[in-house]
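Here are a few exercises to work through with the model open in your viewer. Try each task before you read its solution.

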Amino acid sequence: MRRIGLYWFGNDLRVHDNPNLQQASAVVDQLLCVYCLDPAWLAPNQYGMANLSAQRWRFLKEALQDLGRNLQQVGQHLLVCYEAPVTAIGSLV
């Protein structure tokens, strides 16, 4: 029986010096690496401003692209979910 694990990336998008990721990948046969982008971050707030600035959004997109490439180098794949974490992780489990 294959053991499948799930690793949820939060603010720490490192691969090579991430002991939690290394530990998770060591105890399962397959690891599902997930990042959840909550649509509420992109929606305007009560003042009509986005909760995530354009600069922060650009930085996050670039960081996720780097993360995806770094995960591929170690034989993993990044799944980016455009849902609140509670919804996305619940669906995946």
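**Exercise 1: Asp38**

In this predicted model, the side chain of Asp38 comes within 3.0 Å of the backbone nitrogen of Ala40. Your task: work out where Asp38 lies, and which residues it is in contact with once neighbours within four places in sequence are left aside.

Solution. Start with the location: Asp38 belongs to the loop between S2 and H2. Next, go through its contacts. Without the neighbours within four places, you should find Glu83, Ala84 and Pro85. Now check the charge. Asp38 is buried, yet it has no salt bridge. A salt bridge would need a side-chain nitrogen of Lys or Arg within 4 Å of a carboxyl oxygen, and the nearest side chain of opposite charge, Arg56, is 13 Å away.

**Exercise 2: The sheet**

Find the order of the strands in the sheet, and say whether the pairing is parallel or antiparallel.

Solution. Lay out the strands first: the order is S1-S2-S3, in an open sheet with parallel pairing. Then look at the edges. S1 (4-9) and S3 (78-81) each have a single partner strand, so one side of each is left without a neighbour in the sheet. From one strand to the next, the twist averages 30°. Now zoom in on one pair: six bridges join S1 to S2 (residues 30-36) in the parallel sense. As a landmark, look for Phe9, which sits opposite Tyr35 in S2. Finally, add the helix that packs on the sheet: H2 (residues 54-73) touches S1, S2 and S3, and its direction makes about 150° with that of S3.

**Exercise 3: Trp41**

Is Trp41 buried, exposed or partly exposed, and which residues does it touch beyond those up to four places away in sequence?

Solution. Place the residue first: like Asp38, Trp41 is found in the loop between S2 and H2. Its relative accessible area is 32%. Buried would mean under 20% and exposed over 50%, so Trp41 counts as partly exposed. As for its contacts, Trp41 touches Tyr35, Cys36, Ala50, Asn51, Leu52 and Leu60. Ala26 makes a nice contrast: 15 residues from Trp41 in sequence, but 33 Å away in space, C-alpha to C-alpha.

**Exercise 4: The whole chain**

What pattern do the helices and strands follow along the sequence?

Solution. Count the elements: three helices and three strands. Read along the sequence, they give β-α-β-α-β-α. Then step back: the C-alpha atoms fill a box of roughly 50 × 25 × 15 Å along the principal axes, and 30% of the 93 residues are buried.

How values were computed:
Residues are numbered from 1 along each chain as its sequence is written. This is a predicted model: local features need pLDDT of at least 70, side-chain atom pairs count only at pLDDT 80 or more; totals for chains, interfaces and linings use all residues. Side-chain values use heavy atoms; hydrogens and water are left out. Two strands pair if DSSP finds at least two bridges between them. Helices (H or I, at least four residues) and strands (E, at least two) are DSSP runs, numbered from the N terminus. Axes are lines fitted to C-alpha atoms, for helices over the stretch in contact, and angles run from 0 to 180 degrees between N-to-C directions. Contact means heavy atoms within 4.5 Å. Buried means under 20% relative accessible area, exposed over 50%, partly exposed in between (1.4 Å probe, protein chains only). Lys and Arg count as positive and Asp and Glu as negative; His and the chain ends are not counted. A polar contact is a pair of N or O atoms within 3.5 Å; within protein, one must be able to donate a hydrogen and the other to accept it, and residues adjacent in sequence count only if both atoms are side-chain atoms.
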